Amino acid sequence: MQLVVARVGRAHGIKGEVTVEVRTDEPELRLAPGAVLATDPAATGPLTIETGRVHSGRLLLRFAGVRDRNAAEALRNTLLIAEVDPDQVPEDPDEYYDHQLMDLDVVLKDGTEVGRITEISHLPSQDLFVVERADGTEVLIPFVEEIVVDIDLEEQRAVIDPPPGLIDDRAEIASSREASDETAPSEGTGDGSGADGAPGAGV
């Protein structure tokens, strides 16, 4: 299956490097030199990673054939897509790939249904489940062990123990959703991992 592993940001310097917004827990594997990635828009790729380095906390990549700032800037906002084995699982048992979590039913500890995971939003500080409720509204659930107490892939459900107001205060939900949209364009974060001591989601 194909999964988005990064989004190209601004050009860096004059030699064709670009910043990237990482959307995978395994950048050393998915974004390593030599990796060939499909793109969205498709006409931009495929792109072969030539070099990679970290500068001021950001990953910088250079692609084969991209030699100057203008060519690098032309790639801005391009999504980088890797081919991932759907049966592959992370080495850490407390981590999950996004495709494993998508469409899980979300329930409270007492079995009360909350909704269904429709998206994983990766922020710099933590990952969030975007959960669609039966009435069509969305609620954001932080993917931290204090709130998400169990992930059962066999039963296809996530059990949560939310603090008061997290899933019932509509105004708070709408405000949080707007803030997350401004912070993270879609699916990724700097390293794709959850907050310290928390489970992580990524691709």
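This short talk goes through the overall make-up of one protein and then follows three of its strands.

Before anything else, please keep in mind that this is a predicted model, in which local features need pLDDT of at least 70 and side-chain atom pairs count only at pLDDT 80 or more, while totals for chains, interfaces and linings use all residues. Residues are numbered from 1 along each chain as its sequence is written, and side-chain values use heavy atoms, with hydrogens and water left out.

Let me begin with the whole protein, whose secondary structure comes to four helices and 14 strands, these being DSSP runs (H or I of at least four residues for helices, E of at least two for strands) numbered from the N terminus. Of its 203 residues, 45% are buried, where buried means under 20% relative accessible area with a 1.4 Å probe, counting protein chains only. If we take contacts, meaning heavy atoms within 4.5 Å, between residues at least 6 apart in sequence, 58% of them join residues at least 24 apart.

Now to the strands, where two count as paired if DSSP finds at least two bridges between them. Strand β3, residues 36-40, pairs in the antiparallel sense with strand β4, residues 47-55, over two bridges, and valine 36 stands opposite threonine 48 in β4. The hairpin that joins β3 to β4 passes through six residues.

From β4 we move on to strand β5, residues 58-63, which runs antiparallel to β4 and is joined to it by six bridges; here histidine 55 has arginine 58 in β5 as its bridge partner. These two strands form a hairpin with two residues between them, and in that turn serine 56 has a positive phi of about 55°.

Notes:
Buried means under 20% relative accessible area, exposed over 50%, partly exposed in between (1.4 Å probe, protein chains only).
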